[in-house]
Amino acid sequence: MGDSRIPDGLLPLDGRFGSGPSLVRGAQIDAFVRASRDVLGTSHRRAAVTGLVDEVRTGLSELFALPDGYEVVLGNGGATAFWDAAAFCLVERRAQAMVFGEFGAKFASALSAPWLQAPEVREAPAGSIALPEPREDVDVYAWPHNETSTGAMAPVRRVDGAPGALTVVDGTSAAGGALVDPAEFDVYYFAPQKNFGADGGLWIALLSPAAIERIERIGASGRYLPDFLSLPLALRCSRRGQTLNTPAIGTLLLLAEQIRWLNEHGGLPWAAERTGRSSAAVYEWALASAYASPFVAQPEHRSSVVATVDLAERVDAARIARSLRKLGVVDVEPYRGLQRNQLRIATFVSIETEDVRRLLALVDHLAGEPG
Ligand SMILES: *Cc1c(COP(=O)(O)O)cnc(C)c1O
């Protein structure tokens with residue numbers, strides 16, 4: 001394959017740098033195996049599994065330091081299903097959606113439902129971020145915390161001058177790896193296959209009292225809500241340690257173990273320190289490199305959990321990603337829609353900074369250029 005020998009010490013110990021599904025730690029697999037006899041293959045309406053859901057809900061309340069009155073709700077279908085649930089159960093009349101990449105665009109598209117007024121879409125080019133603006137007629141402000149397709153990170157901050165409106169943030173790739181203040185959101189939702197290192201298929205939402213009030217009001221309003229996307233129903237099920245229909249119990253086991261690990265080590269501040277250190281390694285490498293540069297121009301918008309770097313034309317990023325894949329180092333290709341000569345490196349909390357450093361040295365080696 002033309003890469004000849006790889007010098008000692010350049011191969012990451014774990015080659016999984018994908019932005020989701022992402023690295024699953026060995027301890028998560030061990031927890032899965034330990035639970036294989038008494039939890040896997042048992043009823044999701046009985047204590048073994050409802051207790052696991054309760055543990056996830058309590059563990060997330062602790063991890064995010066949720067104030068009294070906030071609740072953790074779960075359902076099936078991943079973050080994508082939550083987009084539609086938000087259109088049915090959170091938006092009263094009109095949303096404002098910030099779009100600066102693929103995931104924000106999909107959320108905005110879900111909020112363009114026929115029973116709502118067309119959302120106001122505030123767009124910014126890939127690699128930058130769009131910020132909300134207060135508007136009289138907007139009752140939901142929606143944006144992604146971390147735009148996984150570009151590696152741009154936006155602040156999670158309530159909109160000044162928008163009393164009564166809900167702040168609804170897609171935290172999918174940020175949650176568990178980045179700090180967030182619950183006082184600044186009404187809904188922070190995510191799927192567990194990024195920093196939580198679990199499998200996909202589930203959505204989890206942290207809800208403020210105002211969000212719960214909105215959900216209950218819309219639930220009582222007579223609006224048609226399909227059961228699968230009904231947040232009033234999800235709220236009732238979650239309070240009993242259940243989901244509306246059968247969840248993937250394995251996903252819950254992997255998720256519960258990761259939450260335990262995070263809480264034992266110091267919670268979100270500890271996680272944010274780890275991801276900050278790993279992502280800084282990528283950005284510092286790129287800034288010092290003759291052929292790489294951070295894709296996100298503004299340093300304060302560079303993601304701490306998904307680092308994107310453009311390569312100079314003379315170095316073919318796709319060739320490097322292919323060579324890495326042959327070495328067992330996978331999923332650093334850029335987001336497909338972006339079509340850039342780029343590498344996208346996840347620096348989720350489970351990924352060791354030393355492995356990130358090995359990856360960067362390996363990229364230099366494959367590029368045939370010193371860093
Ligand atoms: C991965 C991701 C999603 C999609 O999650 P699914 O569980 O596949 O629906 C949505 N939003 C963001 C920001 C993501 O990173």
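In this predicted model, the side chains of strand S2 divide between two directions, with Ala95, Ala97 and Val99 pointing one way and Gln96 and Met98 the other, and all of these residues are buried. Strand S2, which spans residues 95-99, is accordingly described as mostly covered, since five of its five residues are buried. The points below set out the strands that pair with S2 and then turn to the cysteines.

**Strand S2 and its partners**

- Strand S2 is joined by three bridges to strand S4, made up of residues 140-144, and the two strands run parallel.
- Within this pairing, the residue of S4 that serves as bridge partner to alanine 95 is valine 140.
- Strand S2 is also joined to strand S3, residues 120-123, through four bridges, and here too the strands run parallel.
- In the pairing with S3, methionine 98 stands opposite arginine 122.
- Between S2 and S3 the chain passes through helix H4, residues 102-110, and this β-α-β crossover is right-handed.

**Cysteines and disulfides**

- A search covering the whole structure finds zero disulfides.
- Cysteine 89 takes part in no disulfide, and the nearest cysteine sulfur to its own, that of cysteine 237, is 13 Å away.
- Because a disulfide requires two cysteine sulfur atoms within 2.5 Å, the 13 Å from the sulfur of cysteine 237 to that of cysteine 89, its closest, is too far for a bond.
- Cysteine 89 is buried, with a relative accessible area of 0%, and cysteine 237 also counts as buried, at 7% relative accessibility.

How values were computed: Residues are numbered from 1 along each chain as its sequence is written. This is a predicted model: local features need pLDDT of at least 70, side-chain atom pairs count only at pLDDT 80 or more; totals for chains, interfaces and linings use all residues. Side-chain values use heavy atoms; hydrogens and water are left out. Buried means under 20% relative accessible area, exposed over 50%, partly exposed in between (1.4 Å probe, protein chains only). Two strands pair if DSSP finds at least two bridges between them. A crossover is right-handed if, with the strands pointing away from the viewer, the path from the first strand over the helix to the second runs clockwise.
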